[in-house]
Structures are given as structure tokens and as C-alpha cells.
Amino acid sequence: MEIRWFKETDCVCLYKNRQMFKGRGYKGRVNLFTEELDRGNVSLQLQDFRQSDVGDYLCQVINTERTEQITIRVGYTQNME
């Protein structure tokens with residue numbers, strides 16, 4: 001199984017052959033829940049959130065039989081307290 005996360009054309013995270021590669025600008029800030037991959041959880045964890053992280057993210061899950069993908073929009077709301 002191969003998991004690819006992109007923000008626009010930038011590779012955020014690639015999981016292939018049980019190894020994880022993190023894109024430039026995301027090192028130390030992104031992670032996958034690798035212990036949950038067998039259960040279908042391919043969620044991307046993003047830390048140290050920045051304004052530049054806002055946008056659309058594409059997740060592709062590729063195995064020998066097929067490819068699945070989904071696009072999600074990430075944003076934030078400012079706390080008005």
C-alpha cells in the first residue's frame with residue numbers, strides 16, 4: 001500500500017514500503033497514524049499549524065487492485081475571546 005498526501009502540487013507526506021517521507025517544509029510537522037493503517041485510518045496529523053497550511057489537500061491510497069482519493073479543505077477560525 002502507498003499513501004500520498006499533497007497540498008496543491010507539493011508532496012506533504014508519502015508512505016511507501018513501510019517508510020515515511022515528509023515533504024520540504026513539513027519535516028517534523030506531519031505524521032501518519034501508522035499503527036492504524038491496517039484499520040483504514042490514513043489521517044494526516046499536522047502540527048505547528050501555519051497560515052500557509054490553509055488550503056486543499058489531496059490524499060491518494062494506492063494498492064495493487066485500485067486507487068482511492070479524496071480532497072479535503074483545511075482552514076482555521078480565529079478565536080474571538
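In what sense do β1 and β2 pair, and over how many bridges? The two strands run antiparallel to each other, and their pairing spans six bridges. Keep in mind that this is a predicted model. Here's a quick tour, starting with the strands and then moving on to the core, two individual residues and a pocket.

**Strands and how they pair**

- Let's stay with β1 and β2 for a moment: Arg4 sits opposite Leu14 of β2.
- These two strands form a hairpin with two residues between them, and Glu8 there has a positive phi near 55°.
- β1 also pairs with β6, again in the antiparallel sense and over six bridges.
- If you look for the partner of Lys7 in β6, you'll find that the bridge goes to Tyr57.

**The nonpolar core**

- The largest nonpolar core is made of 13 residues, and those with the most contacts inside it are Ile3, Trp5, Val12, Cys13, Leu32, Val42 and Cys59.
- Four elements give two or more residues each to this core: β1 (2-7), β2 (10-16), β4 (30-32) and β6 (55-62).
- Want to zoom in on one core residue? Leaving out neighbours within four places in sequence, Ile3 is in contact with Cys13, Leu14, Tyr15, Leu32, Leu37, Val42, Cys59 and Gln60.

**Phe21, a residue in β3**

- You'll find Phe21 in strand β3, which covers residues 19-22.
- Is Phe21 buried, exposed or partly exposed? Its relative accessibility is 42%, so it counts as partly exposed.
- Not counting residues up to four places away in sequence, Phe21 touches Val12, Cys13, Leu14 and Lys16.
- For a sense of distance, Phe21 and Glu68 lie 47 residues apart in sequence, and their C-alpha atoms are 20 Å apart in space.

**Arg29, a residue in a loop**

- Arg29 belongs to the loop between β3 and β4.
- With a relative accessible area of 5%, Arg29 falls under the 20% cut-off, so it is buried.
- What does Arg29 contact, leaving aside neighbours within four places in sequence? The list is Gln45, Leu46, Gln47, Asp48, Phe49, Arg50 and Asp53.

**The largest pocket**

- The largest pocket has a volume of about 160 Å³.
- Its lining is made up of Met1, Tyr15, Arg18, Thr34, Glu35, Leu37 and Asp38.
- Sorted by type, the lining residues of the largest pocket come out as three nonpolar, one polar and three charged.
- Two names here may ring a bell: Tyr15 and Leu37 line the largest pocket, and both are also contacts of Ile3.

Conventions
Residues are numbered from 1 along each chain as its sequence is written. This is a predicted model: local features need pLDDT of at least 70, side-chain atom pairs count only at pLDDT 80 or more; totals for chains, interfaces and linings use all residues. Side-chain values use heavy atoms; hydrogens and water are left out. Buried means under 20% relative accessible area, exposed over 50%, partly exposed in between (1.4 Å probe, protein chains only). Contact means heavy atoms within 4.5 Å. A nonpolar core is a set of buried Ala, Val, Leu, Ile, Met, Phe, Trp, Tyr and Cys residues joined through side-chain atoms within 4.5 Å. Two strands pair if DSSP finds at least two bridges between them. On a 1 Å grid over the protein atoms alone, a cavity is a set of points where a 1.4 Å probe fits but cannot get out, and a pocket is an open set with protein on both sides within 12 Å along at least five of seven lines; lining residues have an atom within 4 Å of a point. Grid points are joined across faces, edges and corners, and a volume is the space filled by probe spheres set on the points. Ala, Val, Leu, Ile, Met, Phe, Trp, Tyr, Cys and Pro count as nonpolar, Asp, Glu, Lys and Arg as charged, and the others, Gly among them, as polar.
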